[in-house]
Amino acid sequence: MAEFLINTVGLPTWLAWSATAGVAAFLILNVIAGGALVFIWAERKIAARIQDRLGPTRTGGRFGWLQSLADGIKLLAKEDLMPDGADSLLFRLAPYVSFCASFCAFIAMPFAFDVVGQRLNVGVFFVIAVLGLEVFGVILAGYASASKWSLFGAMREAAQVVSYEVPLGMCVVVPVMLAGSMDLVTIGEKQAGWLTNWYLFHDPFTFVIFWVYFTCAVASVNRAPFDLAEAESELVAGFHTEYSGLRWSFFFMAEYGSMFLVSGLAAVLFLGGWNGPIPIAELAGWSDGSAVTAPYAVRLLGCANLLGKATVGVLLMMWIRWTLPRLRIDQVMTTCLKYCTPIAAVMFAGVMLWQLFLPGGLVPGSRRGAIAVREGWLEQAVEKPEEPAAVPADAGTSVSQQLVGVAE
Amino acid sequence: MILVATGTVSVTHYLIVGAIMFTAGVVCMAVKRNALGVLMGIELVLNGANINFVAFGSSYLAGEGRPPLGLDGEVMALFVILLAAAEAAVALAITLNFYNNHGTVDVDRADDLRG
Amino acid sequence: MNWMANLLFLQRPTILPVAAIDWHASLFVVFALVACGAAVMVVVTDNVVRMALHLVLSLGATAGLFFLAGAEFVGSMQLMIYVGGTLVLLVFGVMLTAQTKLVALQTPPGDRVIAGILAAALLAVLVQSAVSIETWRRPGRAETQPPTATPLGMALVGVRVDSPVSAAESQRRSGYLLPFEIVSVHLLVVLVGAAYLARAKRRRTPRPIDVVASADPPPPLPSGRLEDRETASVLIGSGR
Amino acid sequence: MEIATLLPLLLGIAWLVPLASFVAILFFGNRMGPHGKFAANVATAAIGSSLVLSVVALGFWLGHHPPVALSHGEHGEEHAERGDSWLHLTSYAEKSAVRADVSGHGDQEHADAEHHGAEGHGDGHGHEKGLALAEPVAYSGDWYTLYSGGPLRLSIGWYIDSITVLMFVVVTLIATCIHVYAAGYMHDELHPVTDAEVHLASGGPLTRDGRFHRFFQALSLFCFSMLGIVIAGNLAMVFVFWELVGICSWFLIGFYFERHSASTAANKAFIVNRVGDFGMLIGLMALWGGLGTLHFGSSVDPATSDIRPGLFELVRPAAHGHRQEVPDGLVAFAAANEVAGLASGQSDQQAVHGEVAVAVPGWREAGYGRWLLFIAGIGIFCGCVGKSAQVPLFVWLPDAMEGPTPVSALVHSATMVAAGVYLVGRFYPVLTPDVLLVIAYVGGITLFIAATIAVTANDIKRVLAYSTVSQLGYMMLALGVGGWVAGLFHLVTHAFFKSLLFLCSGSVIHACHTNDMRKMGGLLKVMPYTAWTMLIGCLAIIGAGIPFVIGMSGYYSKDAILAQALLFARLNPAHGILYLAVAGGAFITAFYMFRLWFMTFAGSPRDHHVAEHAHESPRVMTVPLVVLAVFAVIAGWGLPGGFGVAGLLEQSRPAGTAVAVSTDAILGAISLPAEHDSHAGDIHVIATLTAFLTAAAGVLLAAIMYLKPLVSPAGLARLAGPAYTFLVNRWYVDELYHAVFVMPTLRLARLVSGIDKGLIDGLINGLAWAARQVAGIDAWFDRTVVDGLVNAAGRITWSTGIEMRRLQTGRLRQYVMFIVVGTVAIFVLATLLFRTSLAG
C-alpha cells in the first residue's frame with residue numbers, strides 16, 4: 001500500500017508511510033472498538049440467557065443489537081467525576097495507559113499470513129509483555145482515586161497479574177519451542193494444513209497445556225472467576241469504583257480488547273491461527289499454502305478464520321464468567337502457584353521429551369519444528385565461516401520497519 | 001535534531017544516554033529518603049549499565065567490523081535484568097520487614113548499626 | 001476488487017532505501033529524550049508513586065532503545081520482566097508502605113546540593129570517557145542485522161551459532177549454559193528468601209529500639225497482608 | 001550329602017548355636033521378657049538345638065561306621081578273633097578311605113581322602129608285618145586359615161572321630177538338662193536379690209538386681225567354648241577355647257562376686273589354671289618349634305595344595321606301622337648344633353636339607369629329641385593338670401563350689417574339668433610311655449588325697465567336689481596305665497552321674513538353704529525324687545552292680561580302670577602301688593558317698609529349723625534329675641554288636657596304641673599293656689571282685705557309722721587324732737601354697753612397692769618440682785612480656801576502632817555519595833595523573 005501511495009498517488013515517502021501506519025492503526029482500533037461493542041452486547045445476551053432472562057431486546061429493533069452503541073453514546077454524554085483528594089494527573093492517565101497497552105499488543109498480532117500490524121520475530125513475548133503493561137493502568141487508577149476499595153482492587157490486580165505471568169509465560173513457551181521461533185507468523189504457518197497439525201493436537205501435553213494457558217489468560221485479563229480487581233460484591237467496583245463516563249468506558253474497552261487479544265493469541269499458538277480445520281484454499285487450489293503468492297481472498301479467509309476462533313474464545317470466557325463463582329484471593333494464588341505453574345512445568349518437560357523421542361509426532365509427515373530451525377542455524381554457523389550469517393527464512397524484517405510498529 | 005539530519009546513530013550516543021540514566025540513578029540513591037526511592041535509583045543505575053551492554057553488543061550500531069561484544073552484550077543485559085528482578089524482590093522484602101519493625105521506610109532511620 | 005483488497009491488506013514492503021527522514025535516528029532521539037527525561041523526573045519528584053510512574057516511562061523508553069539497537073529479545077524481556085514484573089512489585093511495595101508522611105519525604109536541601117555537585121562530576125567523567133574513544137564515535141552501518149533471538153536462546157542452552165566459526169571451534173565454545181543455570185537457581189533462592197523475609201509478623205508492642213528510632217510514637221504496625229485491617233486504615237490514610 | 005562334609009557341617013552348627021545365643025543375650029538379654037526371664041528359654045533352645053544336631057550327627061556316624069563288637073570272651077578266642085576283628089576295622093578304614101575318595105569335591109575332602117588312603121596303605125603294610133592295627137576313622141579339615149607363613153600355619157579346623165561326636169552328645173545333653181534345671185534354680189535372680197552373705201559397711205545385707213540373663217549368657221558362652229575344645233582340629237585352637245572355658249568358669253564362679261569368698265575363689269581358679277596353662281604353652285612351643293604344625297590330623301596346605309602330615313602322623317607314621325618314634329622335626333630341632341655344623345660352609349640349602357635328612361635316623365638312635373617329646377607331653381599334661389584339678393593344682397576346684405550349683409554341676413564336674421582328661425585322651429598318640437607314667441602317678445596321688453579329704457568334709461558340695469577330683473584322678477590314672485578306653489569311658493559315665501549328684505545336692509541346698517550336711521538329715525520323706533535319684537547317683541559312682549551280670553554305668557568304667565591298673569601292676573611290679581591306690585580309692589569313694597547320702601537323707605532331722613523349710617523342688621528341677629538318673633544307669637551298657645559307649649570309643653582308639661609296648665624310657669623301663677589284654681579272664685574277674693568288695697565294704701562302714709551309729713564318728717575322729725585334723729585341714733595344701741608361693745610373692749611385691757614409692761616416686765616428684773619452677777619463670781615471662789604485647793595490640797585496635805566508628809554514620813545516602821566520590825576520584829587520578837584513560 002505504501003508503494004501504491006508512493007507510485008500512483010505520488011506522496012512523499014515519509015507521508016506515505018505515516019499514512020500506511022495510520023491506516024493500520026485505524027483498522028486495529030476499529031477491530032477493538034467494534035469488537036468491544038459487539039462483545040458487550042453479546043455478553044449481556046449470554047448472561048441473560050444463562051440467567052434465564054431475555055436481556056436487551058428493544059434498542060435497534062430486534063435483539064437489542066444497538067444497545068451497546070446507545071450505552072456508548074450515553075457514556076460520552078456523561079460528566080467525568082473526579083473525587084477531590086485524588087491524584088488528578090494519575091487519575092486521568094490511568095485509563096489511557098490501560099487502553100494503550102492492550103491496543104499496542106495488537107501490533108504484533110497476525111490476522112493472516114502477513115496481515116499483521118508489524119511482524120516481530122519476538123512477537124509472542126512482545127504481546128505478553130505489552131499486555132502485562134495493562135496492569136499499570138489499573139494500579140494507577142486504584143491508587144489515584146483515593147478510595148480504599150479502588151486500592152484493594154489495584155493491589156489484588158497487581159498481585160494476581162504478576163503471579164499469573166509466570167505460568168502464562170511457561171505455556172506460551174511451548175508452541176515457541178515446537179515452532180522453533182517466537183515469531184507469531186511463523187508459529188501460525190507451521191500449523192498449516194489439516195486440524196491435526198494444530199499444536200493443540202500435537203501431543204497430549206500440548207492438549208493439556210492449552211487449557212492451562214486458557215485459565216491463566218482468563219486470570220491475567222482478570223475476568224471472572226478471577227475478577228477480584230472489580231469484585232462488585234466486596235469492593236464496590238474495584239479499581240474503577242470512582243470512574244465514570246468516557247474514562248470508565250476506556251477501561252471497558254481495554255478489558256474486552258485484551259480478552260480478544262488473549263483469545264487470538266490462543267488461536268495462533270494452539271488452534272492453527274488462520275489455518276482452518278480444513279485447508280480449503282489448498283484443496284481448492286487457490287494457493288499452495290505459501291504466503292506470498294496467495295490471492296487476497298485466501299487472506300480474507302484466514303482473517304475470518306482467526307477472528308472466528310478468537311470470538312469463540314471470548315464467548316467461552318463469557319460462559320465461564322456467568323457459570324463459575326468468584327474465587328477468594330488465596331484461592332486465586334493457590335490456583336496459580338500450586339496448580340497452574342507445576343502443571344505447566346511438567347507439561348513443558350513432557351513436550352520437550354516428546355520432541356526428543358517423537359520429533360515427527362504421531363501423525364506421520366507432519367512438521368519437525370524447532371529441530372529443523374536449530375539445524376539450519378547450526379550449519380549456517382559452522383559451514384560458512386567467512387560471510388556474516390544470512391537472514392534465515394523466518395527472520396524478522398528490517399529493524400527500521402519494526403520501529404514503525406513500535407512507534408505507534 | 002542534528003542526529004535526525006545526519007541520520008547516523010553511533011555507540012557514543014547510547015553511552016551518553018546510559019551515562020545520564022546512570023547518574024540520575026546515583027543521585028536518586030543519594031537523595032531519596034524513601035527506601036523505595038533508593039530502590040528505583042538502583043533500577044535506573046542498572047538500566048544505564050544495560051544500555052551500554054546492548055550498545056556494545058549491537059552489530060547494528062558498530063562501525064565496520066564486528067561489534068565489540070556481539071551476542072555477549074545481550075546475554076549480559078539479560079542476566080542483569082534477571083538479577084535486577086531478584087534484587088528488587090529481596091530489597092522489597094527487606095523494606096517491608098523494616099517497615100513492619102520500625103513503622104517507616106525512611107532510610108535515615110535505618111541506622112541501628114551506626115558506630 | 002484488487003484495490004479493495006489492497007486497502008484491506010497491509011502489503012509488507014521490501015527493504016526501503018534510506019529515506020529523507022531517518023526513522024532510526026528520529027526514533028532514537030524520541031526514546032532517548034523520554035528515557036533521560038523520565039529518569040531526571042524520577043530524581044526530582046518527591047511523590048513516590050509519581051516516581052514509579054516516571055520510572056515506568058524511563059524503562060519503557062529504554063526498551064525502545066533496545067529495539068532500536070536490534071536487541072528485540074532483550075527489549076521485550078525488559079518490558080516483560082522489568083516493567084511488567086519488577087516495577088509492579090515496586091509500586092506494590094509503595095502502596096503497602098504508603099502513608100501520608102512517607103509518600104513525600106523531604107530531603108534536606110544541603111544533601112540535594114552536594115548530590116547535584118557529585119552528579120555533575122560523575123556525569124562529566126562518564127561522558128568524557130564515552131566521547132573520548134574515537135572508534136565508538138564512528139556511525140553505525142545502518143544495515144539490518146540477523147535477528148538475535150534464536151542465537152541468544154541457543155547460547156543460553158549452550159550452543160553458539162552467532163559469529164560463525166569453524167566446526168572444531170564451535171565444539172569448544174560452550175555458550176552460557178552454566179551461568180544460565182546459576183541464575184535460575186539464584187532466582188529460586190531469592191524467591192524463597194524474599195517470601196521468608198516478607199512474611200507477616202504481628203508484633204503489637206513496638207520494641208524500645210523503635211521508640212528510640214522515631215521521635216513521634218510509632219503508628220500501629222501494619223503487616224504485609226492484603227486482608228489486614230491495619231493495612232486498610234493505612235491505605236485510607238494514603239488517599240487523604 | 002557326603003558324611004565327610006556332613007559331619008563338620010552338623011557339628012559346626014551345633015558348636016556355633018550357643019555362641020549365637022550368647023551374643024543375643026549379651027545385647028538384648030535384659031530386654032528378653034520381664035527381668036530377662038526369657039534369656040533362659042533362648043539359651044536352652046540354643047543348647048537343645050545343638051543337642052539335636054549332635055544326636056543327628058551321632059546317628060549319621062553310627063550309620064556310616066557301625067562300632068565293633070568288643071569281645072569280652074576268653075583270652076585265646078580273643079587272640080584268635082583279634083586278627084579278623086581288626087581286619088574288620090581295617091576294612092572299615094579302607095571303606096572310609098574310598099568313601100572319602102568318592103566324596104572328593106573341594107580340597108578338604110580330597111585331603112581326607114588322601115589321608116585315609118595313606119592310612120589304608122600303611123595298614124596294609126601292618127598286615128604283612130603281622131602287626132595288624134586298627135585304623136581310627138577320623139575326618140579333619142580347616143574352616144578358615146588364620147595365619148600361614150613358611151612351615152607354620154594356624155587355622156580354625158575340625159578333627160572329628162567317634163570321641164568328638166560322643167563328647168558332643170554328652171556335653172550338649174548334660175548342658176541341656178542343666179539349663180532346664182537352672183531355669184528353676186536361678187529364679188531368685190529374676191527379682192532384686194538380698195544377699196545375706198554380703199555384709200555392707202552399713203551392716204545390713206546387700207540388695208542388688210537379679211542377674212538371671214547374665215547367668216545364662218555365661219552358660220551359653222561356656223557351652224560354645226567347651227564344644228570348641230571338643231571339635232578343635234589343632235592344639236592352638238584347643239588352647240584358645242581352653243582359655244575361653246577358663247574365663248567362663250571365672251565368670252560363673254564369681255557369679256556372686258559381691259561375696260568376698262566367691263570373688264577370691266574365682267580369681268584362685270583362674271590363677272591356678274594359668275599355672276597349668278604356662279606348662280601347656282611350653283608344650284605347644286616345643287611342638288610348634290620342632291614340627292611346625294599343631295594339627296592333629298593331616299591337612300592340606302591351601303597355598304601349596306600338598307598334604308602336610310599332622311602330629312599323629314608325624315609321631316606315629318603309618319609307614320612304620322604307627323610305632324611311636326621321635327619325629328624328624330624334633331630330632332633336627334634338638335640336634336640344632338649338629339645341623340649348624342652341617343650347614344656351616346654350605347651355601348646350598350637343598351644340600352643341607354639332604355644331609356640333615358640322611359643324618360636324622362642316626363641322631364634319633366642317639367636319642368636326640370626324646371626329651372623334647374617328653375617335655376611336650378608333660379607340658380600339655382600340665383595344662384590338663386590345671387584344668388582337671390590334679391595334684392598339685394587341685395586346690396581351686398573345691399573353692400569353685402562358691403558358684404551356683406548348676407555351674408558346679410556343668411562346669412566343675414561334668415564338662416570343663418573333663419576337658420583335661422579329654423585332651424590327654426585326644427593327645428594320647430603323642431604321649432611317650434614315661435609321660436604316661438607321670439600321668440598315672442599324678443592321677444593316683446590325686447585320687448587318694450582327694451578321696452581322703454572328702455571323707456572329712458561336711459559341706460555337701462565340697463564332698464562332691466573332692467569326689468570329682470578323685471574321679472578325675474581315676475581317669476588320669478587309667479589313661480596313664482594305658483587304659484585309653486577305660487579312662488574316657490569313665491569320663492563319659494562320670495559326667496552323667498556326677499552332674500546328677502550335683503543337681504541333687506543343688507536341689508537339697510535349694511530346699512535347705514544351707515550346704516552343711518550336719519544340719520540336714522531325714523530329707524528322704526520330704527524330697528523323694530531328689531533322694532532316690534541321688535541314691536542312684538551314689539550307686540553309679542561307686543560302681544555298684546551284680547558282678548559279671550549287670551550294673552550301673554560306673555560299674556563298667558570302674559572295672560575297666562581297675563583291670564587295666566591291675567594288668568599294669570602285674571607287668572611292672574615296681575609300680576604296683578598304683579593298683580592299691582585305685583582299690584583304696586574305690587573303698588573310700590564308697591564310704592564318703594554313702595556318708596553323704598545317709599547324713600543328708602537318712603535318719604531323723606538334726607536341725608528342725610531347716611527340716612520344716614525343706615520341700616521338694618519344682619518339676620523343672622526334678623525332671624532333669626530323672627533324665628540324668630536314667631543315663632547314669634544305662635550309660636555304661638553296651639548293646640550286642642558293641643553299640644555302646646565303649647564300642648564307640650574303641651572305634652577311634654589311636655592307631656598303634658592297641659599293642660603292648662615295652663620301652664626303657666627316661667624314667668626307667670616301662671611296659672605298657674595292651675588294653676585288650678585287660679579283658680583276659682583272670683584279671684577281669686579279680687578286678688570286678690575287688691571293685692565289688694571294696695565298694696561294699698565302704699558302704700557298710702558308712703552304714704554302721706552314720707545309718708545305725710554303732711561307731712560314733714566323733715569318737716573315731718578323736719581316735720585318729722592328728723590324722724583327722726590333718727584331713728580336716730585338707731592336707732594343709734592351701735596353707736603350704738600360701739607359705740611357699742603367696743607369701744614370698746607378697747613380700748617381693750612389698751619390696752618392689754617400697755622401691756617404687758621411695759626411689760622412683762621421689763625421682764619423679766623431683767622432676768615435677770623442677771618442671772614447676774621452670775613453668776613459674778615461663779608464666780612470669782608470659783604474663784608480662786607476651787600478654788603485654790598482645791594487650792598493647794588489642795588496646796591499639798580498640799582505640800582505632802573507637803575512632804573509626806565515627807565514620808560509620810549508618811546513613812545510607814552518605815555511603816552512596818562516598819562511593820561516587822571514590823569513583824570520580826579514581827577516574828580523575830587515572831586520567832590526569834597517570835595520563836591514561838580507563839575507558840579503553
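**Close-up 1. D:Ala495 sits in helix H19 of chain D.** In this predicted model, the helix that holds D:Ala495 covers residues 484–512. Let us look at who its neighbours are. Leaving aside residues up to four places away in sequence, D:Ala495 touches D:Val170, D:Ile174, D:Ala414, D:Thr415 and D:Ala418. One of these partners, D:Thr415, is 80 residues away along the chain, yet the two C-alpha atoms are separated by 6.8 Å. Is D:Ala495 buried or exposed? D:Ala495 counts as buried because 28 other C-beta atoms lie within 10 Å, and the cut-off for that class is 20 or more.

**Close-up 2. A cis peptide bond links D:Val391 to D:Pro392.** Here the omega angle is about 5°. To find the spot, follow chain D from helix H13 (370–387) towards helix H14 (396–399): D:Pro392 belongs to the loop between them.

**Close-up 3. D:Trp731 has a positive phi without being a glycine.** The angle is about 60°. D:Trp731 is found in the loop that runs between helix H28 (722–728) and helix H29 (733–805) of chain D. With 16 other C-beta atoms within 10 Å, D:Trp731 is partly exposed.

**Close-up 4. A:Asp52 is another non-glycine residue with positive phi.** Its phi value is near 60°. Where in chain A does A:Asp52 lie? Look in the loop between helix H2 (13–50) and helix H3 (67–77) of chain A. A:Asp52 is exposed, because its surroundings hold 6 other C-beta atoms within 10 Å, and 12 or fewer places a residue in that class.

**Close-up 5. Confidence varies along chain A, with its lowest mean in helix H14.** The average pLDDT of chain A is 76, and 80% of the residues score at least 70. Helix H8 (residues 204–220) of chain A has the highest value, 89, whereas helix H14 (residues 399–407) of chain A has a mean of 36. Please read the stretch 383–408 of chain A with this in mind: pLDDT stays under 50 there, and the model gives these residues 53 contacts beyond four places in sequence.

**Close-up 6. Helix H3 of chain B is mostly covered.** Chain B contains four helices and zero strands, in the order α-α-α-α along the sequence. Of its 115 residues, 67% count as buried. Among contacts in chain B with a separation of 6 or more, 48% join residues 24 or more positions apart. H3(B) spans residues 35–57, 23 residues in total, and reaches 33 Å from its first C-alpha to its last, close to the 33 Å expected at 1.5 Å a residue. How many residues of H3(B) are buried? The count is 20 of its 23 residues.

**Close-up 7. Chain C meets chain B through several of its helices.** In this contact, 86 residues of chain C face 76 residues of chain B. The helices of chain C that each supply at least two residues to the side touching chain B include helix H2 (23–44), helix H3 (48–68), helix H6 (109–132) and helix H10 (177–198). Which helix gives the largest share of this side of chain C? That is H4(C), with 13 residues. Sorted by class, the side of chain C that touches chain B has 56 nonpolar, 21 polar and nine charged residues.

Terms used: Residues numbered from 1 in each chain as written. Chains lettered and ligands numbered in written order. Predicted model: local features only at pLDDT ≥ 70, side-chain atom pairs only at ≥ 80, totals over all residues. Expected span 1.5 Å × (residues − 1). Contact = placed C-beta atoms within 7 Å. Nonpolar A, V, L, I, M, F, W, Y, C, P; charged D, E, K, R; others polar. pLDDT = per-residue confidence, 0-100.
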